[in-house]
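Me: I want the labels on this model justified, one at a time. Please set each value against its cut-off.

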Amino acid sequence: MTRLRWVSALVVAIILAGCTPSFKQNTEVLQQTEDAEEVETAHITSRQLSENYYRTLTPYKESASRGLIVSNVYTKYDIKEVENGLMRISQNVFDTEKYFFQEGQNLSANTVSYWLARENQTTNQREDLQGLNPSSLDANGKELEPTIKAVEAPVYLSHIVEQNYLTMTDDNKVGLGGISIGLALNSIYYYQKEQYGEYYEEPIPNEKLEKAAIEIAEKVVSRLRARAELADVPIVIGLFKQQPRNSIVPGTYFAYSVVDSGKNALGEWQKINEAYVTFPMSSPPDIYRDMNTSFQKFKQDIDKYFSNFTSVIGTGFYQNNQLQNLEVEIPIQFYGTTEIIGFTQYLTDVMLKQLPKDVAITVSVTSVNGPEVLIKKERDSDTPFVHIYE
C-alpha cells in the first residue's frame, strides 16, 4: 500500500531544493572589497542544502551585471539553465565543501554590454571593451544586407554569466578562489529586413557556432587574465546553446574548458552530453521510446479521472543519455478541496505505478488559483512527499 507523507510547507521548501540540509557553524569572516586596501565583515551561511549546493556569504552580493540576462536570453527556461548548468560544471573544479558561491563581481553591466556588441559598434572603446560578435560591415565598410549578414555574420554571443567561487584563507578571510564564465550562444539568428518589418530566422550550424564560440572564449580568457585580480585564479569557461524563442524546454551546455591557475591558455575542451526533452512525444527516437511509453500510460490514467482533462506535460533531463529527473505539470479546473485531495491520492498511486522508480520526479498540479499540489519523489524511493496548498 502506498504510504503518503503529508508535510509542512517548510519541509516542502527544503525538498524543493532536492536534498537534505546539513548544518554547519555560521562563520564570521573578512572579505576584501573592490578597494583592495579595505575589507568588510561577512558571514558564511550555516545551512548547506546538499553536497550539490555551495554555501553563500551574507550580506548577499548581487551580480555586477544584474538584470541584463532577462533582456539577453530568450526564454525563462534558458535564463534558469544557463546559471544552473554553469554551477554544475563548476562543481567539477570547485569542491562544494571547500568553496563558497558568490554572484559575479568582476564583469560590470557596461563591460558585458560592450562585449556582446558587434566589433564595429565599439570602435571608440579601448581594446578590452571591443565587441565580441562579428562586424556587420563588409570589406569596404558598408553595412551588409540583412540576408547576407544572417548567414555570414550572425550574432553568436547573446549573454555572459559570471560566477565567483571563494575560499577561506588561514587568517579567517575569504578570497576569490576561482571564476566561472558561461557564454550563452544563439542557435538561431533572428533578424529583420527592414525597420519594423517581419522577423526572419536563420539557424546557425553547430560546427560554425562551436568554432566562433571557441574564438570568443579565448578572447574572454585573455581579457580576464589581463586583470590583476584574475591573473592567478582558475577560470572555467562553459559554452551554452540557447533554444529557439518559442521553446518550452531549456538549452544546455555542450562543452567546457578550464584555464588553470596562472596559465593563459584554455585546456582541452570537455564535451557535455545533456538534453531536456518533453513528454509525451508523437514519434520518439529510440533513446526516449521506453520513457515515452511509460509517460503515455501515466497520462492515460490521469485522463480517466478527469473527463475534461486537457494536458499533462513532462520535462525530462538527460545526462549521458540517462534520464536523471522528470518534472510534470498538470493544470486542472478547481472544483473543491475534497476533489483535490482525492485526485492527489489517485495521482500519487498512478505516478508510482507508471513512471520509473530510478528517476527523481516532481509533479506540480495547478489551477487558476495558483499551485494546488506538489508531489516529489526522490530517486529509488517509493514514499513520495506530498503537499496540498491551503
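**Labels and cut-offs**

Reply: Take K304 to begin with: its relative accessible area is 64%, so it is exposed, as the label asks for over 50% (buried is under 20%, partly exposed lies in between; 1.4 Å probe, protein chains only). This is a predicted model, where local features need pLDDT of at least 70, side-chain atom pairs count only at pLDDT 80 or more, and totals for chains, interfaces and linings use all residues. Residues are numbered from 1 along each chain as its sequence is written, and side-chain values use heavy atoms, with hydrogens and water left out.

Me: Why does D301 count as buried?

Reply: D301 has 9% relative accessibility. The limit is under 20%, so D301 is buried.

Me: What makes D301 and K304 a salt bridge?

Reply: Their N to O distance is 3.4 Å. A salt bridge needs a side-chain nitrogen of Lys or Arg within 4 Å of a carboxyl oxygen of Asp or Glu, so the pair qualifies. Both residues lie in helix α7, three residues apart, about one turn of the helix. Helices here are DSSP runs of H or I with at least four residues; strands are runs of E with at least two, and both are numbered from the N terminus.

Me: Which other pair in helix α7 lies three residues apart?

Reply: R289 and D286 do; the helix covers residues 286-305. Their closest N and O atoms are 2.7 Å apart, in a salt bridge. R289 is partly exposed at 39%, whereas D286 is exposed at 62%.

Me: How do you know that K211 and E215 are about one helical turn apart?

Reply: They are four residues apart in helix α6 (residues 206-225), which means about one helical turn. Their side chains meet in a salt bridge at 3.0 Å, N to O. K211 is exposed at 55%; E215 is partly exposed at 40%.

Me: Why is I313 called partly exposed?

Reply: Its relative accessibility is 36%. That value falls between the buried and exposed limits, so the label holds. I313 lies in strand β16 (residues 313-319).

Me: How many salt bridges does the structure hold?

Reply: It holds 10.

Me: What is the average pLDDT of the protein?

Reply: The average is 89, and 89% of the residues score at least 70. pLDDT is the predictor's confidence in each residue, from 0 to 100. Over residues 1-19 the pLDDT is below 50. Where pLDDT is low, the predicted coordinates should not be read in detail.

Technical notes. Contact = heavy atoms within 4.5 Å.
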